[in-house]
Every structure is written in C-alpha cells, then in structure tokens.
Amino acid sequence: MKKRRILFAGTPKFASMVFANLLQIHSFIRDYEVVGLLTQCDKPSGRKMLLKPTEAKEFFLSHLSGLPILQPEVLDSKLISALRVDLMLVVAYGRILPKEILEVTQCINIHASILPLLRGASPIHEMILCGFEHFGVSIMQMEEGLDSGAVLGFGFVKNTQQTFSVLEQELAVLGAQVFAKVLETLDIVPFKQCHCDSTYCTKIKKEDGLVDFMDAKEIFYKYLAYERWPKVFLANKLRLSQIRDFDESGSFDSGEIIEIQKDYVRVGCQKGSLEITRIQAPSKKEIDAVAYLQGMRLKVGDRLV
C-alpha cells in the first residue's frame, strides 16, 4: 500500500517531542511518509541576539535531515501544494492557519488540553495552575478559528503534581499515541465542541512568576507550571528554585520562617505554608534553602522577603 504523505507543523519543544514519539509508533511509520516541516522563522536569542532555530527545526536537522523545512513569513498554500501533502499534523505551530491552507489538505491538530477548555498558547501551564484532577490532550480537526474544530479523540493522565517538564513529556507520548489511533480508526464521528464552555489561555510572561507568600497552594502550582520558565521569584528577585510540597492549613505572616529542618525550610503564607528545599539569590548559584538561611543568619520567626 502506498504511504500517505504527511507534513509536520510545529515550533516548540512539545512539538518535537510529539514528532519523535510518532516516529516510534509502528502503524504510523508503516502507513505515513513524513515529507517536511512547517515551523516559525528563526529568532534572535541570547545576549548576542544570534538567530536560533526553533526546537522543532533542530529536531528535524538532527533526525530527519534532508527533508524540506518551511519557514515562511507569510503562509502560502502553494508551499503545501508543492509537497503533494495528504495530511498536515499541527502541534503548537504558533500561528492560526488561514483558510487557503486548510482547503489544500486535511489538517489535524494535537492540542494539550481537554477542549473546549484552555484554547490558546499555554494550555499545559494553565492545566497545572488550575489543579485539574486529570490533564489531557485533544486530537482536533482544524478549521478557521482558535482551537475550535471538532474533536476526533481525547487522552487523559492523572494529576500527580507533575512539573511542567514531566507533564509535557507525558502529554507528548499520549498525544502521539492517540493521534496514531485516530489515523487507524476509519469510523470516528467528530465531536463538536461546545463553544459556550470554552476557556482561553495566553502566552506566559516573565512577570507571571512573581509571588508574594499570600497563598501557598497558588505558589506551589506556579512553581510546578513555571519550573522551566519564568520560574517563581519574590519582588527582591530571590528565586524559589525547588518547592517540595505545601500545606493549606494555618495562617502566618507573609514569608515567616516557621520551621527549619535538615533538608527543607517551611515558610508561612497568609494562607498555608510551603516546604522550600532550594533557593537562588540574584546573580548567585542555587543552593539548599537551609544553607541559604544559615548564610543570611535567618532563623525561625524571621521573614524570607
């Protein structure tokens, strides 16, 4: 049987992880031929502002070298038509595909949330911040609009207080598996989203990581969600590099040191407390929280602010 020609479209690490997992699934590599990548343009990065390729592009260059990599500033359906594409898989491409692209070939999206919840740019972060009982992915038929198409399949994982990096890996594996299953199932009836139930999320900003020892649960979820970037930090730029757990009980002065153990420091919030194990001061290396307190001569009753 002749293989169907599939174009991958994606930009960040999550996209490259999904692509890598798909290439390990027998039914996918048996039935589909990857013909190229559509990704966003290289962008200036670092102090020297050198052009840096997208993580999806880096994956292609190292694992699928020789295949076309499309990075148009303006999307043109002729680029897709030239590759004779039967199907385009879109994973966090970062731009809404225009109608002319959607009309050239079938376009399916792997979105990292249970749609219609958390349409938009940062669903993995927002799922963690919301503290849902389960996290998941949706396989969606693409249409004009933001993540609004009919759904072909769902996948779920239990909330075990995963950090962003751990959940990203779990959802990349799950997304690839559910997508491959969808491709094998011929009689799927698409599930139309209930748009009145939709919620949205936006791009993460540096200032989202700012915390103030008001609510321990909220800070802990921010720590899990922003573990890769932008991290969680205080107004004085002190970074809470590792938070082991939180307790919702009790009310304390914001930042009050209420317990010092061998491997953690318990810090109070107006609502609850946090077990902090690692801290990083501005322009310093990350160290154990207990060592930081010793160096700063802070004790129980003092404030970590």
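Two strands pair if DSSP finds at least two bridges between them, and five bridges join strand 1 (residues 4–10) to strand 6, the two running parallel. The model is a predicted one, and its chain of 305 residues, of which 48% count as buried, has a secondary structure of nine helices and 16 strands. Taken along the principal axes, the C-alpha atoms fill a box of roughly 70 × 45 × 35 Å. The points below treat the sheet and its strand 6, a nonpolar surface patch, the salt bridges and the cysteines.

**The sheet**

- Seven strands form an open sheet with mixed pairing, and their order in that sheet is 5-2-1-6-7-9-10. The edges are taken by strand 5 (69–70) and strand 10 (151–158), each of which pairs on one side only.
- As a general point, the strands of a sheet pair through backbone hydrogen bonds, and they do so in either a parallel or an antiparallel manner.

**Strand 6 and its neighbours**

- Strand 6, which covers residues 87–91, is mostly covered, since five of its five residues are buried. Leu87, Leu89 and Val91 point one way from the strand, whereas Met88 and Val90 point the other way, and all of these residues are buried.
- On the side of strand 1, which runs parallel to strand 6 and is joined to it by five bridges, phenylalanine 8 stands opposite leucine 89 of strand 6.
- On the side of strand 7 (residues 106–111), four bridges make the connection to strand 6, and these two strands also run parallel. Within this pairing, methionine 88 stands opposite cysteine 107 in strand 7, while valine 90 has asparagine 109 of strand 7 as its bridge partner.
- Between these two strands the chain passes from strand 6 through helix 5 (residues 99–104) to strand 7, and the resulting β-α-β crossover is right-handed.

**A nonpolar surface patch**

- Ile96, Leu146 and Tyr200 make a nonpolar surface patch of about 300 Å².
- Isoleucine 96 has its place in the loop between strand 6 and helix 5, so that this member of the patch belongs to the segment that leads from strand 6 into the helix of the crossover. With a relative accessibility of 51%, isoleucine 96 counts as exposed, because the cut-off for that class is over 50%.

**Salt bridges**

- The structure holds 14 salt bridges, and three of them are described here, with distances given between N and O atoms.
- Aspartate 263 and arginine 244 meet through their side chains in a salt bridge of 3.0 Å, N to O. This pair links distant parts of the chain, with aspartate 263 in the loop between strand 13 (257–260) and strand 14 (265–268) and arginine 244 in strand 12 (residues 239–247), the two being 19 residues apart. Both partners are partly exposed, aspartate 263 with a relative accessible area of 44% and arginine 244 at 40% relative accessibility.
- Glutamate 275 forms a salt bridge with arginine 266, in which the closest N and O atoms are 2.7 Å apart. Here the partners are buried: glutamate 275 stands at 13% relative accessibility, and arginine 266 has a relative accessible area of 14%. Through salt bridges that share partners, Arg244, Glu259, Asp263, Arg266 and Glu275 are joined into one network.
- The side chains of aspartate 208 and lysine 205 also meet in a salt bridge, at 3.9 Å, N to O, a value that still satisfies the criterion of within 4 Å. Lysine 205 counts as partly exposed, at 40% relative accessibility.

**Cysteines without disulfides**

- A search of the whole structure finds zero disulfides, for which two cysteine sulfur atoms would have to lie within 2.5 Å.
- For cysteine 130, the closest cysteine sulfur is that of cysteine 201, and because the two sulfurs are 8.9 Å apart, they are too far for a bond. Cysteine 130 is partly exposed, with a relative accessible area of 42%.
- For cysteine 269, the closest cysteine sulfur is that of cysteine 130, and at 20 Å this pair is likewise too far for a bond. Cysteine 269 is buried, and its relative accessible area is 0%.

Terms used. Residues numbered from 1 in each chain as written. Predicted model: local features only at pLDDT ≥ 70, side-chain atom pairs only at ≥ 80, totals over all residues. Heavy atoms only, no water. Buried < 20%, exposed > 50% of the residue type's maximum accessible area, 1.4 Å probe, protein only. Right-handed = clockwise from strand over helix to strand, strands pointing away. Patch = residues over 30% accessible without salt bridge, like charges linked within 9 Å, V, L, I, M, F, W, Y side chains within 5 Å. Areas by Shrake-Rupley, 256 points an atom, 1.4 Å probe, with all protein chains shown as cover.
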